[in-house]
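This note is for a colleague opening the structure without earlier acquaintance. The points below can be read in order beside the model.

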Amino acid sequence: MSAQIQALEAQMECRLFERLPRGVAPTSVADSLAGEIAAPLDALAVVAERGRPGAEVAPEAVHLAGPAELLSVLALPALAALTADGVLLRVTTGLADDLLEGLHAGRFDVVLSAVRPRGRTPLNAVPLTDEEFILVVVPEWARRIGPLTVGDPGPLRDVPLVAYTEDLPILRRYWRHVFCTRLTARPAVVVPDLRGVRSSVVAGSGMTVLPRYLCERELETGALMGPVVAGGTADQHQLPGAAGGGCAAGACDGGAGVPAGGGSGW
């Protein structure tokens with residue numbers, strides 16, 4: 001202990017204790033230092049006491065993770081009332097694979113994901129909902145595109161694509177399931193947040209595929225619409241959609257193909 005105190009005094013370049021004939025006495029510097037570290041030491045003591053019989057248990061935070069858009073628009077508003085009951089939330093956003101890896105490693109308690117988990121560690125999974133995807137443009141682009149035939153994406157060939165990554169995962173899946181063909185175009189705009197993708201498309205930059213919950217208001221006001229097809233518009237469920245599966249609690253359990261706008265289970 002004496003060596004540790006001496007090392008601390010050397011690091012701080014000041015004397016912490018006065019050596020007396022019988023023992024030592026703290027200096028004013030030591031008293032000030034003790035006041036600064038009292039709270040962290042108390043917090044450390046609380047952590048060390050966890051699990052001991054009779055020990056007071058401090059509430060632990062629930063670590064929730066998922067896509068930024070889904071958490072911001074749907075999940076967090078739905079969980080807001082829990083804070084009044086003393087629930088502590090710590091939220092992390094990111095890509096599904098990274099978050100599921102964090103769940104396996106114990107960094108998160110709950111993960112919202114539309115990606116099936118991989119690995120041998122079992123995860124409890126609870127299906128939540130099907131996510132509907134819609135191909136959207138502004139009305140001016142819809143007029144330029146003209147009528148669409150289901151299964152033929154030809155009229156869309158010259159429309160700039162807006163996506164959240166270079167490899168167009170949502171758009172490619174939509175093309176594969178709806179048009180039964182492979183999408184090989186390069187995006188005109190890449191924004192790593194679907195809310196930014198929505199803003200860009202609303203401003204007229206091109207075309208994208210969005211989950212309905214992110215563009216419901218724009219569809220209602222007419223700021224966005226689906227390309228015109230025989231019998232209606234894509235947002236009126238005249239254009240079939242992609243399909244997927246997913247759930248909460250960090251694991252995904254299959255979702256079947258759904259028509260009209262597409263779906264991915266959460």
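1. Start with helix α8, which covers residues 212-221. Both Arg212 and Glu216 belong to this helix, four residues apart, or about one turn. Their side chains meet in a salt bridge, with N to O at 3.2 Å. Arg212 is buried, because its relative accessible area of 17% falls under the 20% limit. Glu216, with 30%, is partly exposed. Salt bridges with shared partners also bring in Glu132, so that Glu132, Arg212 and Glu216 make one network.

2. Please bear in mind that this is a predicted model. The chain contains eight helices and 13 strands. Of its 266 residues, 35% are buried. For contacts between residues at least 6 apart in sequence, 61% join residues at least 24 apart. The exposed area of the chain is about 15200 Å², and carbon and sulfur atoms supply 55% of it.

3. How many salt bridges does a search of the whole structure find? The search gives five. Side chains of opposite charge can pair when their charged atoms come close. One of the five joins Arg195 to Asp193, with the closest N and O atoms 2.7 Å apart. Arg195 has a relative accessibility of 25% and is counted as partly exposed.

4. Helix α5, residues 139-145, holds another such pair, Arg144 and Glu140. These two residues are four apart, about one turn of the helix, and their side chains form a salt bridge at 3.6 Å, N to O. Is Arg144 buried or exposed? Arg144 is exposed, because its relative accessible area of 54% is over the 50% limit. Glu140 is partly exposed, with a relative accessibility of 37%. Arg144 has a further partner: it lies over the face of Trp141, at 4.2 Å from the ring centre.

5. The whole structure has three aromatic pairs. In one of them, the rings of Tyr174 and Trp175 have centres 6.4 Å apart and planes at 55°, so the pair is tilted. Trp175 also pairs with Phe179, and here the arrangement is edge-to-face, with 5.0 Å between the centres and 65° between the planes. Trp175 and Phe179 both sit in helix α6 (residues 169-179), four residues apart, which is about one helical turn.

6. Ring pairs thus link Tyr174, Trp175 and Phe179 into a cluster. Each of the three is buried: Tyr174 has a relative accessibility of 1%, Trp175 has 4% and Phe179 has 3%.

7. Where does Thr184 lie? Thr184 is in the loop between α6 and β9, the latter covering 189-190. Thr184 is exposed, with a relative accessible area of 65%. Its C-alpha atom is 8.1 Å from that of Arg172, a residue 12 positions away along the chain.

8. On the surface, Leu8, Met12 and Val29 make a nonpolar patch of about 200 Å². Val29 belongs to helix α2, residues 28-49. With a relative accessibility of 34%, Val29 counts as partly exposed, because this value lies between the limits of 20% and 50%.

Technical notes: Residues numbered from 1 in each chain as written. Predicted model: local features only at pLDDT ≥ 70, side-chain atom pairs only at ≥ 80, totals over all residues. Heavy atoms only, no water. Buried < 20%, exposed > 50% of the residue type's maximum accessible area, 1.4 Å probe, protein only. Contact = heavy atoms within 4.5 Å. Areas by Shrake-Rupley, 256 points an atom, 1.4 Å probe, with all protein chains shown as cover. Patch = residues over 30% accessible without salt bridge, like charges linked within 9 Å, V, L, I, M, F, W, Y side chains within 5 Å. Salt bridge = Lys/Arg side-chain N within 4 Å of Asp/Glu carboxyl O. Phe/Tyr/Trp six-rings, centres within 6.5 Å; stacked < 30°, edge-to-face > 60°. Lys NZ or Arg CZ within 6 Å of the ring centre and 35° of its normal.
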